[in-house]
Amino acid sequence: MNEKVLPGQGLGFANVLLAPQRSDIRSRFGDQIDLSTTIAHGVPQIHLPIISANMDTVTEANMAIAMALNGGIGVIHRFMTVEDQAQEVARVKGYMRTIEDDPPLLPETATIADAQLFLNKRPRGYVIVYQGPLFSGAFSGIATTRDFLVEQPDAPLSLIMTPREQMVTVPQGTTLEDAVGIMTNHRIEKVPVVDGDGKLVGVYTLKDNELFQRFPHASLDREGRLMVGAAIGVQPNDRERAHALENAHCDLLVLDIAHGGLDYTGEMLNVLKNEGGIRTPISAGNVATREGAIYVRESGADGVKVGVGPGSVCETRNVAGAGVPQITAILEVAEAFANDSQPLPLIADGGVREPGDVSKAIGAGADAVMIGGLFAGTEESPGEPITVEGTLHKMVRGMASADALEARKRIGDTSTDPRKYAPEGKTMLTPYRGRVEKILHELASGLRSGMSYVGAHTIGEMKERARFYRVSPGVPEQRRPLQ
């Protein structure tokens with residue numbers, strides 16, 4: 001064999017099928033199957049091994065919230081200003097929590113218009129009001145969006161707030177369950193928590209409790225807040241970006257470049273972790289070979305992202321002639337970590353077009369899958385639906401497309417000359433699919449079914465037990481994209 005041709009056969013999702021095995025699983029929907037997984041060292045487990053991609057037509061705060069509520073996690077794209085991206089992360093972190101220890105605060109002199117503008121950025125439905133120029137823990141009242149309706153926008157909050165002496169509060173140490181009982185008895189939706197000196201500690205809300213009841217398997221951080229990831233690159237301002245995202249309590253940074261085997265990856269990880277003092281876990285990529293996986297691990301990453309060219313709007317294989325079929329890429333990277341005492345968690349990025357692909361990716365060795373195109377047409381993805389010949393569509397574009405390059409230039413994220421640029425991504429319309437929750441349920445159901453065929457109770461067992469048959473070229477493919 002010519003030494004320039006690597007041994008083995010490149011296998012994509014369509015080239016393999018999971019081999020059914022003896023199984024004791026009685027129901028794919030029962031408690032015998034656990035979908036929890038780890039996506040990077042230092043990140044709490046998520047309950048569904050599915051991640052929405054850091055594409056500007058896929059994941060901003062709305063998508064990330066929906067993903068976390070349903071047990072997955074979203075990675076907010078980086079093709080916006082540092083301030084805007086940090087604000088998107090803050091929106092996710094503030095959407096739901098056990099107790100709100102950082103409630104929205106405004107002085108008595110602030111107007112209704114001020115409060116409405118403030119709550120546009122932090123949509124919590126209320127503000128705690130205090131006296132004086134600075135908040136010291138003492139508060140004088142609470143104002144809700146209902147209170148805003150009784151006066152003109154220029155009226156001060158002191159005029160419409162419920163004063164402190166008329167408010168119901170609970171002492172520090174009160175459980176959420178007890179607080180809910182108190183709110184129900186008093187027919188209120190929010191109750192401040194105070195310490196022995198009457199200083200504000202936090203706020204319990206019925207909305208948060210209702211979300212906990214409705215989404216019992218939501219992905220939560222150690223403080224009971226929704227989890228969220230965010231992407232960074234290797235430009236000079238990405239150092240500032242990483243710090244801003246950490247300050248916004250981002251749970252995972254994704255160092256995302258098309259070829260994770262570049263020197264940029266190791267240099268940026270060193271700058272962030274060793275020189276910059278970043279403590280937020282970082283998953284780095286993308287890689288598709290054993291060599292790339294070892295490089296990312298030795299550079300200090302907490303996780304690895306795998307996939308070069310499999311995405312539906314990626315044209316790297318067409319333009320650059322480079323890439324590795326995704327099943328082979330996952331197998332190679334997983335094998336590179338096989339003898340490690342603590343293998344890096346592996347995110348398989350791209351190529352998922354139907355539910356069975358999730359089972360195949362995890363069976364090959366992935367801890368989770370990242371999905372872009374399937375989610376781009378949902379209600380929660382950025383942008384409004386458009387009508388084409390009577391049918392609703394939304395736009396999806398690869399982040400190496402010409403359109404994406406223009407967006408990056410507008411925020412100063414690249415100095416690439418468009419005249420010399422060969423786009424490795426495309427822009428296209430995808431059918432509108434409604435809420436992402438429906439797709440997540442179908443993907444989760446398919447994964448549970450795949451695990452039942454393999455006899456795997458956990459994601460770890462799926463990785464260990466799964467075996468594949470190569471699909472003969474003579475066997476017709478039955479690729480059924482999600483509707």
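## Two helices side by side

Helix H1 (residues 61-69) packs against helix H2 (residues 82-93) at an angle of about 35°, and their axes are 9 Å apart. This comes from a predicted model, so please read every value here as computed from that prediction. The crossing of H1 past H2 is right-handed.

Which residues of H1 meet Glu 88, Arg 91 and Val 92 in H2? They are Ala 61, Asn 62, Ala 64 and Ile 65. Sorted by character, the residues of this H1 and H2 contact are four nonpolar, one polar and two charged.

## The protein as a whole

Let us step back for an overview. The protein has 16 helices and 20 strands. Of its 483 residues, 53% are buried. Taking contacts between residues at least 6 apart in sequence, 66% join residues at least 24 apart.

## The nonpolar cores

In soluble globular proteins, nonpolar side chains tend to be buried together. Here, the largest nonpolar core holds 113 residues. Ile 39, Ile 50, Val 304 and Phe 375 are the residues with the most contacts inside this core. Another core lies apart from it, with 13 residues that include Ala 110, Val 127, Ala 143 and Ala 155.

Ile 50 is a good residue to click on if you want to look around the largest core. Setting aside neighbours within four places in sequence, Ile 50 is in contact with Met 67, Gly 72 and Ile 73. The same list for Ile 50 also includes Val 369, Ile 371, Phe 375, Leu 440 and Leu 443. Phe 375, then, is a contact of Ile 50 and is itself among the residues with the most contacts inside that core.

## A four-stranded sheet

Four strands make an open sheet in the order E4-E5-E6-E7, and their pairing is mixed. At its edges are strand E4 (105-107) and strand E7 (162-163), each of which pairs on one side only. Helix H3 (residues 112-121) packs on this sheet and touches E4 and E5; the direction of H3 makes about 160° with that of E4.

Inside the sheet, strand E5 (residues 126-130) and strand E6 (residues 141-144) run antiparallel and are joined by four bridges. Val 129 is opposite Gly 141 in E6, while Val 127 is opposite Ala 143 in E6. Val 127 and Ala 143 are also both among the members of the 13-residue core. E6 and E7 run antiparallel too, with two bridges between them, and here Gly 141 is opposite Pro 163 in E7. Are the residues on the two faces of E6 buried or exposed? Gly 141 and Ala 143 on one side, and Ile 142 and Thr 144 on the other, are all buried, so both faces of E6 are covered.

## A three-stranded sheet

Another open sheet has three strands in the order E8-E9-E10, again with mixed pairing. Why do strand E8 (170-171) and strand E10 (200-205) each have one side without a neighbour in the sheet? Both stand at the edges and have a single partner strand, so nothing in the sheet pairs on the remaining side.

Strand E9 (residues 190-194) runs antiparallel to E10, and five bridges join the two. One of the bridge pairs is Val 194 with Leu 200 in E10. Helix H5 (residues 176-186) packs on this sheet, where H5 touches E8, E9 and E10 and makes about 70° with the direction of E10.

## Two buried residues to inspect

Asp 256 is found in strand E12 (residues 252-256). Its relative accessible area is 15%, under the 20% cut-off, so Asp 256 counts as buried. Beyond its neighbours within four places in sequence, Asp 256 is in contact with Asn 54, Arg 78, Ile 232, Gly 285, Asn 286 and Lys 305.

Phe 212 sits in helix H6 (residues 206-214). With a relative accessible area of 16%, again under 20%, Phe 212 is buried as well. Which residues is Phe 212 in contact with, leaving aside neighbours within four places in sequence? They are Met 96, Arg 97, Thr 98, Leu 176, Leu 220 and Gly 224. Thr 98 is 114 residues from Phe 212 along the chain, and the C-alpha atoms of the two are separated by 8.3 Å.

Note on methods:
Residues are numbered from 1 along each chain as its sequence is written. This is a predicted model: local features need pLDDT of at least 70, side-chain atom pairs count only at pLDDT 80 or more; totals for chains, interfaces and linings use all residues. Side-chain values use heavy atoms; hydrogens and water are left out. A nonpolar core is a set of buried Ala, Val, Leu, Ile, Met, Phe, Trp, Tyr and Cys residues joined through side-chain atoms within 4.5 Å. Buried means under 20% relative accessible area, exposed over 50%, partly exposed in between (1.4 Å probe, protein chains only). Contact means heavy atoms within 4.5 Å. Axes are lines fitted to C-alpha atoms, for helices over the stretch in contact, and angles run from 0 to 180 degrees between N-to-C directions. A crossing is left-handed if the near helix is turned anticlockwise from the far one by less than a right angle, and right-handed if clockwise. Ala, Val, Leu, Ile, Met, Phe, Trp, Tyr, Cys and Pro count as nonpolar, Asp, Glu, Lys and Arg as charged, and the others, Gly among them, as polar. Two strands pair if DSSP finds at least two bridges between them.
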